[in-house]
Amino acid sequence: MMFRMSTMIPARKVWAGGLAGVAAAVIASLLRQYADVDIPADLIGYIIAGIVPSVAYLVPPAARDVIVKADEAARQVGQGAP
């Protein structure tokens with residue numbers, strides 16, 4: 001089953017994950033530069049790689065996303081798709 005985005009606007013879960021990744025990178029950079037905390041770049045990458053999917057998983061889908069998914073399912077049932 002191929003998934004096609006119905007709009008060019010990402011879902012709320014995608015926005016939240018992306019913003020969490022950017023925030024984690026900025027915070028780590030600020031800590032390294034101004035607080036003199038020596039955080040290895042590999043560790044920052046691992047932290048960001050863990051934060052982004054975790055936040056995206058925990059954020060609930062927007063009502064609009066649920067409605068679009070239900071509409072797609074109803075259209076498939078109406079067309080007799082398996």
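This report walks through the helices of a predicted model and then a loop that joins two of them.

First, some ground rules. Residues are numbered from 1 along each chain as its sequence is written, and side-chain values use heavy atoms, with hydrogens and water left out. Because the model is predicted, local features need pLDDT of at least 70 and side-chain atom pairs count only at pLDDT 80 or more, while totals for chains, interfaces and linings use all residues.

**The whole chain**

Reading along the sequence, you'll meet the pattern α-α-α: three helices and zero strands. (Helices are DSSP runs of H or I with at least four residues, strands are runs of E with at least two, and both are numbered from the N terminus.) Of the 82 residues, 13% count as buried, meaning under 20% relative accessible area with a 1.4 Å probe, protein chains only; over 50% is exposed, and in between is partly exposed. The chain exposes about 6,600 Å², with carbon and sulfur atoms supplying 69% of that area (Shrake-Rupley method, 1.4 Å probe).

**Two helices side by side**

Helix α1 covers residues 12-34 and helix α2 covers residues 41-58; they pack at an angle of about 155 degrees, with axes 8 Å apart. (Axes are lines fitted to C-alpha atoms over the stretch in contact, and angles run from 0 to 180 degrees between N-to-C directions.) The pair is therefore roughly antiparallel, a label for angles over 145 degrees. Among the residues making the contact (heavy atoms within 4.5 Å) are Ala16, Gly17 and Ala20 of α1 and Ile44, Ile48 and Val52 of α2. By class, this contact has 13 nonpolar, two polar and two charged residues. Here Ala, Val, Leu, Ile, Met, Phe, Trp, Tyr, Cys and Pro count as nonpolar, Asp, Glu, Lys and Arg as charged, and the others, Gly among them, as polar.

**The loop between them**

Asp36 lies in the loop between α1 and α2, and Val37 has its place there too.

| Residue | Relative accessible area | Class |
|---|---|---|
| Asp36 | 66% | exposed |
| Val37 | 35% | partly exposed |

Leaving aside neighbours within four places in sequence, Val37 is in contact with Leu31 and Arg32. Asp36 has a phi near 55 degrees, a positive value in a residue other than glycine. Most residues other than glycine have a negative phi.

Conventions
Parallel < 35°, antiparallel > 145°, perpendicular 65-115°, else oblique.
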